[in-house]
Amino acid sequence: MENEKIIISFDFDATLSLPSVQEVAKDLIDKGFNVIVTTTRHSKYLNQDLIKITDKLGISKIVYTNGEGKEFFMQGIDIHIDNDDSDLRNISRGAYTEVINVTDKEWKTNLYNLLP
């Protein structure tokens, strides 16, 4: 399936932590897209809330930036979904990763319009 080649990254806090965003992530996984999490959280902490949700959704890859800018971790990621304007701005400057802001009421439509 071609969809598995498309990598879609979600921020966690105030993004994938929201049930409405989890529904979209699950739909993308069911359609065969490669869904991961990219968070500025530190890996040295337990992050039980994050792990509980990623386990439930079946997301196996979590990228912890340990406080560094997410833009440095976007290599190979096609779409990143986040709620943080400055993170999205910094990522979009890299030009290779499309960004979706979950605070935009049209975010789901914008996301699905990017997909094959």
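**Helix 2 and its surroundings**

Val24 is buried in this predicted model, with a relative accessible area of 5%. This residue belongs to helix 2, which spans residues 19-30. Leaving aside residues up to four places away in sequence, Val24 touches Trp107, Lys108, Leu111 and Tyr112. One of these partners, Lys108, stands 84 residues from Val24 in sequence, yet the two C-alpha atoms are 7.9 Å apart in space.

These contacts lead naturally to the packing of helix 2 against helix 5. The two helices meet at an angle of about 15°, and their axes are 12 Å apart. Because angles under 35 degrees count as roughly parallel, helix 2 and helix 5 are described as roughly parallel to each other. Their crossing is right-handed. On the helix 2 side the contact involves Ser20, Val21, Val24, Asp27 and Leu28, which meet Trp107, Lys108, Leu111 and Tyr112 of helix 5. Sorted by class, the residues of this contact comprise six nonpolar, one polar and two charged.

A second packing partner of helix 2 is helix 3. Here the angle is about 40°, with the axes 10 Å apart, and helix 2 and helix 3 are therefore oblique to each other. Helix 2 again passes its partner, helix 3, in a right-handed crossing. Gln22, Ala25, Lys26 and Ile29 of helix 2 make this contact with Ile53, Lys56 and Leu57 of helix 3. The residues of the contact of helix 2 with helix 3 fall into four nonpolar, one polar and two charged.

What, then, of the nonpolar interior? The largest nonpolar core has 24 residues, of which Ile8, Phe10, Leu16, Leu28, Ile81, Trp107 and Leu111 touch the most other members. Two or more residues of this core come from each of strand 1 (7-10), helix 1 (12-16), helix 2, strand 2 (34-39), helix 3 (48-57), strand 4 (79-82) and helix 5 (107-114). Helix 2 gives the most to this core, contributing four residues. Leu111 illustrates the connections well: beyond residues up to four places away in sequence, Leu111 touches Val24, Leu28, Ile79, Ile81 and Ile100. A second, separate core has five residues, among them Ile36, Val63, Met74 and Ile91.

Two asparagines deserve a look for their backbone geometry. Most residues other than glycine have a negative phi. Asn47, however, has a positive phi, near 55°, and Asn66 likewise shows a positive phi of about 55° although it is not a glycine. Are these two residues buried or exposed to some degree? Asn47, found in the loop between strand 2 and helix 3, counts as buried because its relative accessibility is 9%, and the cut-off for buried is under 20%. Asn66, in the loop between strand 3 (62-64) and strand 4, is partly exposed, with a relative accessible area of 36%.

Finally, Asp85 is placed in helix 4, which covers residues 85-92. With a relative accessible area of 48%, Asp85 is partly exposed. Asp85 and Ile100 are 15 residues apart in sequence, and their C-alpha atoms lie 10.0 Å apart in space. Ile100 has already appeared here as one of the residues touched by Leu111.

Note on methods:
Residues numbered from 1 in each chain as written. Predicted model: local features only at pLDDT ≥ 70, side-chain atom pairs only at ≥ 80, totals over all residues. Heavy atoms only, no water. Buried < 20%, exposed > 50% of the residue type's maximum accessible area, 1.4 Å probe, protein only. Contact = heavy atoms within 4.5 Å. Core = buried A, V, L, I, M, F, W, Y, C linked by side-chain atoms within 4.5 Å. Axes fitted to C-alpha atoms, helices over the stretch in contact; angles between N-to-C directions. Parallel < 35°, antiparallel > 145°, perpendicular 65-115°, else oblique. Left-handed = near helix turned anticlockwise from the far one by under 90°. Nonpolar A, V, L, I, M, F, W, Y, C, P; charged D, E, K, R; others polar.
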